[in-house]
Amino acid sequence: ASSRIGALEAAGAEVLTVAADVTSRADVETVLAGLGDRPLAGVIHAAGAVSDDPAQALAPKLDGARILDELTRRDGVDLFLLFSSAAGTWGANGRAAYAAANAAMDTVAAARRAAGYPALSVAWGRFTVRGLLDEAEDAALAEMGLRAMAPATAFEVARRLAGTDRAHVV
């Protein structure tokens, strides 16, 4: 990730990394206020939580996406990228709350796009690095034929997709 940040900075962007709770409107407002006069060019929302508790699964994905959507509409951002999961598109065995959270987040992108604002929700599959899946879940997806994607490839895919007019891609 640091090489991607370096590339953005080399291209003239100022990249700020902050710790905040995206489910807290006050935290997000504080982060945005901390930008001062610097323009906000884009938002990448990559929060994730796998939980059997619907509230814990929904909050980081859906609440975070809604708060970011609402609070960045006035900023004229060029990029509003949500990291979703293919589980929201085709389901996830034993992970109904996680699948629902991702599907709900995809609808935030669709609604934002329909309102005339940039938005893209990418429903990712497996990655070559360990993420939210446990070993058995990862193996099950591999057995179904879903190949793993390297993070560097995913960043390039996201970069290419950011310029499309689609609200959701798998």
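The following exchange covers the nonpolar cores and strand pairing of a predicted model.

Residues are numbered from 1 along each chain as its sequence is written, and side-chain values use heavy atoms, without hydrogens or water. Local features need pLDDT of at least 70 and side-chain atom pairs count only at pLDDT 80 or more, while totals for chains, interfaces and linings use all residues.

Biologist: Which element gives the largest share of the largest nonpolar core?
Modeller: A nonpolar core is a set of buried Ala, Val, Leu, Ile, Met, Phe, Trp, Tyr and Cys residues joined through side-chain atoms within 4.5 Å; buried means under 20% relative accessible area (1.4 Å probe, protein chains only). The largest one has 19 residues. Two or more residues come from each of α2 (25-33), α3 (54-72), β2 (79-85) and α5 (96-114), helices (H or I, at least four residues) and strands (E, at least two) being DSSP runs numbered from the N terminus. The largest share, five residues, is from α3.

Biologist: Which residues does L40 touch beyond four places away in sequence?
Modeller: L40 is listed with V28, L32, L68, F80 and L82 as having the most contacts inside the largest core. Contact means heavy atoms within 4.5 Å. On that basis L40 touches L32, L35, T72, D75 and V77.

Biologist: Is strand β3 buried or exposed?
Modeller: One side of β3 carries L120, V122 and W124, and the other S121 and A123. Both faces are covered. Of the five residues in 120-124, five are buried.

Biologist: Which residue in β4 stands opposite V122?
Modeller: Strands pair if DSSP finds at least two bridges between them. Two bridges join β3 to β4 (residues 168-169), in parallel. Opposite V122 stands V169.

Methods: Buried means under 20% relative accessible area, exposed over 50%, partly exposed in between (1.4 Å probe, protein chains only).
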